[in-house]
Amino acid sequence: MADDHRNAHTRLSRNAIASIAGQLIYLLTRVGLPPFILLHVSLQDYSIWATCFLVLSYIGMSTFGIAGVYIRYSAEYYANGRLDDIGRMMGAGIWVTLALGGLILGGLWFAMPWLYAWFHVDPGMQDTMRLLILGVVGAMLLELLIPYGYVMGGIHRNAENSVISLVCSTLEAMLIVVFLLQGWGLVGMMGAYVLRAVLSLSITVTWFHHLLPGFKIQLRGLGRAQWLPFLEYGGVMQINGILSVFLNTSERALAGYVTHNAGAVGLLDISQKFPMMATQLFNSATNSLLSAITHLHTLGEREQLIRIYLRSSRYLNALNGLALGFMAPFAGVLIAAWMGQSVPSEDAAALLLYAAIGFHVHALTAPVTSYFQAINSPGRTLWAFIVPQIALLAIGLGWMYWQGERSLIELAKMVMLTRIASSLGVIVYANAQLRIGQSRYFKQVGAIGALPYLIGYLLCQAVSGRIELAGLPRWDALGMLLVLGVGYSILTCGLIYGLLSTTDERRVVQGMLSKLGWRPHAETAPRPGFFSIEAITAPANFNRWLIPPAALCVHLCIGEVYAFSVFNEPLTRLLGITASAPDDWKLTSVGWIFSLAILFLGLSAAFGGSWLERVGPRKTMFYAALCFGGGFLVTAAGVHYHWIALVFLGYGVLGGIGLGLGYVSPVSTLIKWFPDRRGLAAGLAIMGFGGGAMIGAPLAVNLMGYFHGPDSVGIAETFLAMGAIYLVYMMIGACAIRVPPKDWKPAGWVPSARRSRLESKYHVHIDQAHKTPQFYLLWLVLCLNVTAGIGVLGQASLMIQEMFRNSVTATAAAGFVGLLSLFNMGGRFIWASASDYLGRKPTYMLFFVVGALLYAAVPFIGQSGNVHLFVLCYAVILSFYGGGFSTIPAYLADTFGTRFVGGIHGRLLTAWSTAGVAGPVLVNYLREWQIEQGVAKADAYSFTMWIMAGLLLLGFFCNLFVREVHARHHLAHDEVSDL
């Protein structure tokens, strides 16, 4: 036994797999029961049964502390070989259970009238409900009174527990079918449950004494050491358990009271069945975590404990994502195929969607809770998780009542949001307690659970465009779901294996496949990972002109942000369709979407720049594709549900992160491939970003026209289509990108001995660059140049229509945006290439002086009504704007060297974030203010243009003061080679 308990942590995988397998088979037996039950009882009767188990869950949690003591302390005693202490602990627990059980049953008897009123139970069903509740609670207390099953979990015998539970639960399902066919109804279902409990207890007792012959429970001679765990540890667990069950079932607990609908609990139970089954299935693997982590904590193996914590969180997220990532997009057809017309499928589908997302995020707290319990600090769960969630729930309920909202859908949505917020909060807290970096946790755990949702939604949209799934007959829909589910699973598992799995995980998968007869090709050395620097390092004879197309695949996609103005006006009439309705979004609110995207572009570029230098461009571009494409999908959901916060999150936050990562990835790579033409390289990299609107604007307009209907402006569908297109093309770019070998130089190229005064032959470390005045001067140079252009660009379509209302249509305005995009793109290439000959500093001097003159002339051109001169003026301005973007990376390479130019460029792009907020805010709010003051819309931009001219003049002086970096910031040559 010594070897067994010393190596107990090695049983974790076996116990987890056994728990999942047993839970899976158990849940599969339950999938077919609700449709069968509803053939023999009404939905209201089924609600009584669901209510009965809701009450049971609360009663079960009132004994949660006792069960927790059994598991936690039996694991500790077993790790130290103290079997007699396990017997004494069980004896104390039996006395506690007898006392508590009597109070529970007596309290239930007297509380029945209150329960009838709370759940709006019909008088004719009240006696049945009392019999059901007392019967199932009595069976549950019997299992706790003879606690061998809980102790088996503590001594790492979850596999045996799973087998026993599986056998008995299968028998229960069979008895339910038989008793319902006999016409015994709900009473027969209760009888099947009681018989299962008795049989399970009998087998468990027999098997336990087979494992530990001679073991005895000691009911006498108990001391303080036996009672304290139940009072201290168990007491806190008790409070946590009761509150946790309330929070996990808060929709069902509140549904009847809030909606005054007796069938609401049953509808929620059916709608949440599949998400709850999935999370219960995979969370059953964490049943072994408490004993394993307790064991490791007892032995002081902290690193092993952290490894198990992260690994269990990662696999839990991946498995839940795999299941729920398919259920969420196919919720409607899943409910229809499963339940037919027994329930309102549209409401049930929405409830299933909210449950899937909320339960998934909440499931990630299971390892956190196990850790807190294992270190004998269950109170942390209360204060860091349960109390904040209760507070959020109370705020949400107060908001619902203040709004007069009593619908079941709104209740479920509100509870989902509280689950997500509180779950993320306690995960961050636990990571801090374990001294695990938040970025490390979300890097290892986050992406692997999010990818399945992206694949599921793309698959749903692809199929929905060809097949009307909601209109299929029940069995046809079921068959289609089976086919789609298999395809989705294969595709998702393949992508996770190829893109997100570690070397160790691949080795495990290959070992499992080899047992099935698959033999991988023999390799003399491990193959580098898909994202590794080794995998993307090109051979010495690689053609460097293959890299610009890979960069363009990314930049032409993310450059769509410049075409966002074509969405502004349609987004203000989502409800009114032809004109803005009172509840439609205002233009000032919509303007923040673009500003947020640019803000997060700069922030993600700043933080992602140094990460890019470590992991290489392929991984950065891959995550850029996921964030940018996924942001479009989230935005589509926000538009569909008219929830602007979701649009801010999708396009502004996720899309902005994708913009930043995608923007910096190819730039430093191309500069390294073209050391002889840095300006040309930067122009090639950034040219596509400026040209993105040239493709994005007409594509968006045409798609909105295609999807436009009497009840929709077509924006949600447009975002879905564009998100899918951009995701594919950005992935192609990520796969095609390569980096040059170390110390690579173009054939025949010899660095010129003649350098400009600002062109440094030294390198400055990324952490030193921001300590130099040159960094901040260049920051201001970029910020002021971008502020002057980006605010106008964000409102280009609306501005030209208002300034030339009688001569410019919406279609022509979209063409104007596309033309500006063309000059933006051309300016990036032409001016960056020209800077190789003119020099970076003189090139910026040209931008600021000529640009200021053109901005000052715009109001007079607008008043003259000369559209062509107006367009030409802005075309030149936008070429300077684009040229400023493409010239700044080469300017940085000249100033700080090429070694860390990607990271330094990323940090400098915070200037773009600042400008992305300042520019549109200046244009939008000054326009609104002038219109409120009675200024005509055609004249509302004049004051703004003069402000922009002033900003460019300020930029001129910042550029004038840029000098060489002081030698104290330079890296020595041997330091560079060691990095």
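Over the ring of which residue does the charged end of Lys413 sit? The partner is Trp643, with the charged end of Lys413 placed 5.3 Å from the ring centre. A charge is counted as sitting over a ring if NZ of Lys or CZ of Arg is within 6 Å of the ring centre and within 35 degrees of the ring normal. Arg130 offers another case, lying over the face of Trp109 at 5.5 Å from the ring centre.

The model is predicted, so local features need pLDDT of at least 70 and side-chain atom pairs count only at pLDDT 80 or more, while totals for chains, interfaces and linings use all residues. Residues are numbered from 1 along each chain as its sequence is written, and side-chain values use heavy atoms, with hydrogens and water left out.

For an overall view, the protein has 43 helices and two strands (DSSP runs numbered from the N terminus, with H or I and at least four residues for helices, E and at least two for strands). Of its 979 residues, 56% are buried; buried means under 20% relative accessible area, exposed over 50%, and partly exposed in between (1.4 Å probe, protein chains only).

Aromatic rings come next. The whole structure holds 33 aromatic pairs. One is formed by Phe622 and Tyr623, whose ring centres are 5.4 Å apart and whose planes meet at 80°, so this pair is edge-to-face. Rings of Phe, Tyr and Trp (its six-membered ring) pair if their centres lie within 6.5 Å, and planes under 30 degrees apart count as stacked, over 60 as edge-to-face and the rest as tilted. Both Phe622 and Tyr623 are buried. Elsewhere, one aromatic cluster is made up of Phe564, Phe567, Phe628, Phe632, Tyr651, Phe719 and Tyr726.

Two leucines make a helpful contrast. Leu231, found in helix H11, counts as exposed because its relative accessibility is 64%. Leu778, placed in helix H35 (residues 773-794), counts as buried because its relative accessibility is 0%. Setting aside neighbours within four places in sequence, Leu778 is in contact (heavy atoms within 4.5 Å) with Ile888, Tyr891, Leu892, Thr895, Phe896, Leu908 and Val962. Leu778 and Leu908 are 130 residues apart along the chain, yet their C-alpha atoms are separated by 7.9 Å. Across the protein, among contacts between residues at least 6 apart in sequence, 84% join residues at least 24 apart.
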